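I opened this entry to keep a record of what I looked up, beginning with charged side chains and going on from there.

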Amino acid sequence: QVQLVESGGGLVQPGGSLRLSCAASGSIFSINAMGWYRQAPGKQRELVATITNGGSTNYADSVKGRFTISGDFAKNTVALQMNSLKPEDTATYYCYADVPDLYTGYEHDYWGQGTQVTVSS
């Protein structure tokens, strides 16, 4: 089993910055990728950013140029630096990790509990 714990959420004014962090623990031998999704009230969960074990990154168009994802796969951690925040960034942010099974190679997606980000004046 794998557990993910997020931290760093909170209330910030428009134009401000926050840094989210996520740490994975448990039965982990390797991780293929980590990333962040978010879900606002009344909306579907959407991808924000991902990073692979190798450094390849992918961002939603709405956050390109404002958010930066980074990972340390030796420590099973990932972070999301969020700058120039807008009210539409308000959502619950969820960390995920793609963890292959040691014996079968089957890939499992694990999710954190979520951390709230509110952008408001």
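I am working from a predicted model, and my starting point was Arg38 and Asp89, whose side chains meet in a salt bridge with an N to O distance of 3.0 Å. Arg38 lies in strand S4 while Asp89 lies in the loop between strand S8 (77-82) and S9, so this pair ties together parts that are 51 residues apart in sequence. I then asked whether these two are buried or exposed, and I noted that Arg38 is buried and that Asp89 is buried as well. For Arg38 the relative accessible area is 6%, and because buried means under 20%, the label holds.

Next I followed Arg38 to its other partner on my list, Glu46, and found their side chains joined in a salt bridge at 2.8 Å, N to O. Glu46 counts as partly exposed, with 33% relative accessibility. Which residues make up the network of salt bridges around Arg38? I wrote down Arg38, Glu46, Arg66 and Asp89 as linked in it.

The structure holds four salt bridges, and one of the pairs I looked up is Asp61 with Lys64, whose side chains meet at 3.1 Å, N to O. Asp61 counts as exposed, at 65% relative accessibility.

I turned to the cysteines and searched the whole structure, which gave one disulfide. Cys22 and Cys95 form this disulfide, with their sulfur atoms 2.1 Å apart. Cys22 lies in strand S3 (residues 18-26) and Cys95 in strand S9 (residues 91-100), so the link ties together parts that are 73 residues apart in sequence. The angle about the S-S bond is -85°, and the link of Cys22 and Cys95 is left-handed. Both Cys22 and Cys95 are buried.

Val117 was my next entry, and I placed it in strand S11 (residues 115-119). Val117 counts as buried, at 0% relative accessibility. Leaving aside neighbours within four places in sequence, I listed its contacts, among them Gly9, Leu18, Met82, Tyr93 and Asp89, the last of which is the salt-bridge partner of Arg38 noted above. I also compared Val117 with Thr104, and these two are 13 residues apart in sequence and 37 Å apart in space, C-alpha to C-alpha.

Last, I looked at the surface, where Phe29, Leu102 and Tyr103 form a nonpolar patch with about 440 Å² of accessible area together. Phe29 is found in the loop between S3 and strand S4 (33-39), and at 60% relative accessibility Phe29 counts as exposed.

How values were computed:
Residues numbered from 1 in each chain as written. Predicted model: local features only at pLDDT ≥ 70, side-chain atom pairs only at ≥ 80, totals over all residues. Heavy atoms only, no water. Disulfide = S-S within 2.5 Å. Helix = DSSP H or I, 4+ residues; strand = E, 2+ residues; numbered from the N terminus. Buried < 20%, exposed > 50% of the residue type's maximum accessible area, 1.4 Å probe, protein only. Patch = residues over 30% accessible without salt bridge, like charges linked within 9 Å, V, L, I, M, F, W, Y side chains within 5 Å. Areas by Shrake-Rupley, 256 points an atom, 1.4 Å probe, with all protein chains shown as cover. Contact = heavy atoms within 4.5 Å.
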